[in-house]
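Subject: Structure for you to look at

Hello,

I am handing over the structure we talked about, and below it I have written down what was found in it. Please keep the model open while you read, so that you can follow each point on screen.

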Amino acid sequence: MSILPGRDWWTGLPPAAGAAVMATGIISVGLHLTGHEAASLAALVVAGALWIVLAADFTARLLGDRGRFRAEADTPAALTAVAATTVIGARLSLQGWQTAAAVLLVVAALLWPGLLYNVLRHWRRRMPGAAFLGCVATQGLSLLAASLADAAHQDVLLARAAMAAFCLGLLLYLAALFRFDLREVVGGAGDHWVAGGALSISALAGSKLTASPVWTGSAHTTLRTVTLALLALSLGWYVVLLAAELRHPRPRYDIRRWATVFPLGMTATACLSVAEPAGVAWLRPLGEVLLWIAVGAWLLTFAALVASHLTAGRGAQDR
């Protein structure tokens, strides 16, 4: 029995698979911020390869299977395409590859309005945690725009675009919160963690804006306060969601578990990034601890993926 997927395995991936790119990419960012450059680059390579695979699948569906493309574009998970692109772009910007990061910002910005509009049109009451992906995708744009503004010696236009996306992302979070089914906390398949992860990426984007000299005086003070509040709320979600996982274990592998790993990595990275511009030194050691928890979760989720594939392969062989 071969444990390798078939030649066209990638054509069957659902949009939720984009969370694997998001999780791997943000862990790469966290490892870079803590000085583990070799591991960070390895994670970046994995994330980049996954992004290319999913981009090829996205394009194939757009050109060759419009019915499936339209059906999947209406689901919140479709926004992982935007979020994953911005996370990869943010990591490339840290590496100094600003041109590649700028190209990814353009790609994400072109995808974002159409996907967000389709998703919002199909919002309903009692939604899973994927509802928060509208906020995540929008804050991803803010994060990448702010990163590029900093690299371009405080490009004011990009900084203002980042601020606009940051504010819109917060509004989208509130809108999703009113539609989030709180029962997902004790019964969700993994994407319920995005309720906290969306606040973490908001705090990360806020840290980039706070660190920018474009915003001074009362604007800087307000940004710092909001960023710290967002981080505190995301840590609160972290505790609540972790307690719920321990109280109601969900050991079966589900592709939505990658949407658990992403918030774990994002919360760690947000702590690491907020520490300096906010002047709260103890956030850095906290972020380092949370980062290794996220790395462990990534490894466990990957092992569960392999195990589930082996089990499915044996079942198909038995039949």
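A good place to begin is Gly279, the residue that follows α11 and whose phi is positive, near 70 degrees. Please bear in mind throughout that this is a predicted model.

The helix that comes before this glycine, α11, has 21 residues and reaches 29 Å from its first C-alpha to its last, which is close to the 30 Å expected at 1.5 Å a residue. Is α11 mostly buried or exposed? Of its 21 residues, 19 are buried, where buried means under 20% relative accessible area, and so α11 is largely enclosed by the rest of the structure.

If we step back to the whole protein chain, we find twelve helices and zero strands, so that from the N terminus on every element reads as α. The radius of gyration is 19 Å, close to the 20 Å that the globule rule gives for 319 residues, and the chain is therefore as compact as a globular protein of that length. Its C-alpha atoms fill a box of roughly 70 × 45 × 45 Å along the principal axes, and 49% of the 319 residues count as buried. Among the contacts between residues at least 6 apart in sequence, 83% join residues at least 24 apart.

The search for enclosed spaces gave one cavity of 30 Å³ or more, and about 30 Å³ of space lies in it. Which elements give two or more residues to its lining? They are α9, α10 (217–247) and α11, with α10 giving the most, namely four residues. Among the residues that line this cavity are Trp193, Ser234, Trp237, Tyr238 and Thr267, and the lining as a whole divides into five nonpolar, four polar and no charged residues.

There is also an open space to look at, the second largest pocket, which holds about 530 Å³. This pocket is lined by 30 residues, and those nearest its centre are Leu33, Leu94, Ser207, Lys208 and Ser273. Two or more lining residues come from each of α1 (18–33), α4 (80–94), α6 (133–151), α9 (194–211) and α11 (258–278). In contrast to the cavity, where no charged residue is found in the lining, the pocket has four charged residues in its lining, together with 18 nonpolar and eight polar ones.

As you turn the model, you may like to follow α9 and α11, since both help to line the cavity and also the second largest pocket.

Best wishes

Conventions
Residues numbered from 1 in each chain as written. Predicted model: local features only at pLDDT ≥ 70, side-chain atom pairs only at ≥ 80, totals over all residues. Heavy atoms only, no water. 1 Å grid on protein atoms, 1.4 Å probe; cavity = no way out; pocket = protein on both sides within 12 Å on 5 of 7 lines; lining within 4 Å. Points joined across faces, edges and corners; volume = space filled by probe spheres on them. Nonpolar A, V, L, I, M, F, W, Y, C, P; charged D, E, K, R; others polar. Expected span 1.5 Å × (residues − 1). Buried < 20%, exposed > 50% of the residue type's maximum accessible area, 1.4 Å probe, protein only. Rg over C-alpha atoms; globule rule 2.2 N^0.38 Å. Contact = heavy atoms within 4.5 Å.
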